[in-house]
Amino acid sequence: MMKKGLTILFFLWVGVWLSGCAAMETPKQVPYKVMPGGIVVWEDEIEFKIPPPGWKLLRVESGENDINFGFMRSDPGGFPSVTTFAYDEEPFGCSAASFEGREREFFKRFLFNAILQFQILERKKVQVVGGEGLQVDVEGKDPVKGEKVRARVVFGKRGDRIIGFYITQWRTMDGVYDLSAFEVFDRFWGSFKFLKKSFYQTLVENP
Amino acid sequence: MEGHQRNLYLYDRFNARVVGVSRDDVTTLKYWGKDLGVTFPLLSNITGFLGVTFDTLVEGKPIFRRRTVIIDKTGIIRYSRDGSPDFKDILLFLKKLNHEGGKP
């Protein structure tokens, strides 16, 4: 009886020990810290205001021309009703001399998987991360699929290189855009601060 | 290719030159390079013999596998990676190579 009791006690102890192991699992590493006042510090490099609840984090790890990170939300109305905005350290194109040159190159490839007829709605100069930038609002339509997208692209500079922010809002052709999402996007890029020099700036300054 | 074009000023700083090689014909490459705004040379290698040298031939297909190769000034391959180029890795390698004096 004593032996049976010890065996049960042993299994109980193993059970407790194993559950302890599960509880002690290393917490998942995230690339950001949320600071007081709704400020996010991303990889100790970038600071921005966190979007309101309902926006999910979107991240592509690496690769040529991929976005760095962004946020998305599903909108009412079914497919393709979704809004996505992102920060892109290497927007399409290669010109660094002028935003207008980069804009031309960028829109050759922007949303190139969709066959869209783009129309420029507005183009204006803006202040981005402490310097001059360019904001371009466009609308693209795909009459075959019956879809449309409204987008805003903001070009700015980090050191010698052009960076980009963009938002896309997809709708069915008769769908209505929700422009409040563009205000969330504007607050996102408007609050952007670089806390340290970029890889490229450091590379050049420390030969 | 756009990524390399964006980094030309940095390659220059590290005494490196970039050349693209493709199995497309000259006319196609001229149009493609102009459309992308690429100013560095794009070499047409229709017969694909460079694919033997760099081991980038794809059996049964008239294309090269994507590979980034860095050759030093003595002609030795010092860096070879498949897939999309990792530009930060490439730049750090070129910087190191330039410091060593083995200018690419």
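What covers the buried residues of H3(B)? In this predicted model, the cover includes helix H1 (2–6), strand E1 (20–22) and strand E2 (42–44) of chain B.

**View 1. The buried face of helix H3 in chain B.** Helix H3 spans residues 26–36, and its buried residues are Leu29(B), Gly33(B) and Leu36(B). Look down the axis of H3(B) and these buried residues fall within an arc of 70°, so they line one face of the helix. That fits the usual geometry: an α-helix has 3.6 residues a turn, so residues three or four places apart point the same way. Flip to the other side of H3(B) and you meet Thr27(B), Lys30(B), Tyr31(B) and Lys34(B), which are exposed.

**View 2. The two ends of H3(B).** At the N-terminal end, Asp25(B) acts as the cap, with a side-chain oxygen 3.1 Å from the backbone nitrogen of Thr27(B). After the helix comes Gly37(B), with a positive phi near 80°.

**View 3. Where chain B meets chain A.** Chain B brings 21 residues to the contact and chain A brings 19. About 1,700 Å² is buried between them, with carbon and sulfur atoms giving 53%. On the chain B side, Glu2(B), Arg6(B) and Lys88(B) lose the most area to chain A, together 36% of what that side buries.

**View 4. Salt bridges and polar contacts across the interface.** Chains B and A share four salt bridges, one of them between the side chains of Arg109(A) and Glu2(B) (2.6 Å, N to O). Eight residue pairs are in polar contact across the interface. The largest share of the side of chain B that touches chain A, six residues, comes from H5(B). That side divides into nine nonpolar, five polar and seven charged residues.

Key. Residues numbered from 1 in each chain as written. Chains lettered and ligands numbered in written order. Heavy atoms only, no water. Buried < 20%, exposed > 50% of the residue type's maximum accessible area, 1.4 Å probe, protein only. Helix = DSSP H or I, 4+ residues; strand = E, 2+ residues; numbered from the N terminus. Arc of directions from axis to C-beta. Contact = heavy atoms within 4.5 Å. Polar contact = N/O pair within 3.5 Å; in protein donor to acceptor, adjacent residues only side chain to side chain. Buried area = accessible area lost by both parts, 1.4 Å probe. Nonpolar A, V, L, I, M, F, W, Y, C, P; charged D, E, K, R; others polar.
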